[in-house]
Amino acid sequence: MPEPDEYQPLLSLDNIIYHQEDSRLAEKRLVRKLDTRLLPFLSFMYLFSSLDRSSLGNAVLDNFEEDVGITHDQFNACVTIFYIGFLIFQIPSNILLKRFTARRWLPLLMLLWGSIACLHAAVKNYTQLMTLRFFLGFFEAGFFPGVIYFLTCFYKKNEMATRIALFWGSTVAAHAYAGVLAYGILQLRGSNGLTGWQWLFLIEGIPTVLVACIAFFYLPESPSTWSVFTEQEKILAIARLNEDGEGIYVHTTLSDLDASNKKQALNALTDWKVWIYMLMFFCGSVPNTSISNFLPSIVKGMGYDTKISANLMSAPPYVGAVFVMIAMAYSSDHRKERAFHAIAGASICMIGYIILNLFVKREILYTGVCIAVAGIFVINPIVNAWLTSNIAPDMKKSVATAMAVSANNSAGLLGSNIYRHSDAPLYLRGHRINLVFISLFILLALLQRFLLRRTNDAKSLEKSKLTVEELSNFAANDSRIGDASLDFVYRT
């Protein structure tokens, strides 16, 4: 029993974890809990987003156009309008996420897009289909950038690329088996008076709604309030983010959105770094979206000319891509390097497209497709992690993430139209367009790295000219915050 006057230290991380080694072990246990309790659930939610948006392409295999009474051009218009809805709501959605918290906003988005997906089973004409596709894109828009921002509230900067890769892997996995799953569901045509495509929309849409309802109760609001954590883990979760420069997660309510937060949002819209990231996302996503939409057609053009063989042979490239993507993202986190890892992925993709442009033998072409797909999916998680580690404070990061993902998805407007039926079976025009865009991505990544390093050097030079006293006064009076601060070092 201590004496009454004896000094009693306040509760701190050092009082809870007594040794440095214990601290590392405790942090590993905490990260493992995030990796097994939070990340898989978010990935599972996103998997349904990928399935619901791809259902329309698979529905065509069951006479969808004839049943609804639309032409092929009208069908293409319905594919395109999805991206328009997507682009309109992406940035507003991330601002609303900051107001209402991810715990409420992400499940609400999922509930809405799942309901829209189910309603596709009742579509009767072109106008109804256009309306549903628009709102499906509208409500799916905010989920991916919202999750990316949400993950930064739990993970450190050098942990993000691997986690985004694991999260993004759910959509890559969905591409791998969506076609085969759809083929099986479409065999239900005629059961209970429903067509195969109606069964497809219902079987893939209803679970989305159910998972959304579970998410309302499962997702945490912040590290400091998650019931899965012990009290010690809550303190550690916040402390490690403070040490990493992320700061404590604070929910922004309606009343908190003052002039300062609005200025942060405006800063994101005018920051040259964000716009270069947007261009990088666009150039890297043209090949991504085109492959995602047309891989079965490309594979079919190689001689796998039945629907089932084309779908089956489309799966292995995605399976391989998951492993390459996670390995590259882990290396990027471990080495704390972004630019050259993203370039490495783009270079792998470039080799694949060069093969597709130069050869005609089926086995070589299929190898080229596998290489191209393996490289293209490396880009998204690494560039997302690069962006989120270089943008601060929170509101600016939230808006910048949404802007980048908007550019990512706007590439779908172009990517969904570069592989034309008239170019079959080799589709050389589409491969050449993708080769150009992946080359532009590499140049932009090099430019971004050069500019960030130059900015870091300028900040270091400015600090070196100040005495200790001047530096102290400067820090106290400097109005620059977030990544504009003199102490903020950009990661390259």
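**Buried side chains and aromatic pairs**

Q448 has its place in helix α17, which covers residues 428-464, where helices are DSSP runs of H or I with at least four residues, numbered from the N terminus. The model is predicted, so local features need pLDDT of at least 70 and side-chain atom pairs count only at pLDDT 80 or more, while totals for chains, interfaces and linings use all residues. Residues are numbered from 1 along each chain as its sequence is written, and side-chain values use heavy atoms, with hydrogens and water left out.

Q448 has a relative accessible area of 0% and is therefore buried (buried means under 20%, exposed over 50%, and partly exposed in between, with a 1.4 Å probe and protein chains only). Leaving aside neighbours within four places in sequence, Q448 is in contact with W272, K273, I276, Y277, M280 and W386, contact meaning heavy atoms within 4.5 Å.

Aromatic rings can be followed in a similar way: rings of Phe, Tyr and Trp (its six-membered ring) pair if their centres lie within 6.5 Å, and planes under 30 degrees apart count as stacked, over 60 as edge-to-face and the rest as tilted. By this rule there are 31 aromatic pairs. One of them joins Y46 and F143, whose ring centres are 6.1 Å apart with planes at 10°, so the pair is stacked. This pair links distant parts of the chain, since Y46 is in helix α2 (residues 20-59) and F143 in helix α7 (residues 143-152), 97 residues apart. Y46 counts as buried at 5% relative accessibility, and F143 counts as buried at 0%.

Conventions: Helices (H or I, at least four residues) and strands (E, at least two) are DSSP runs, numbered from the N terminus.
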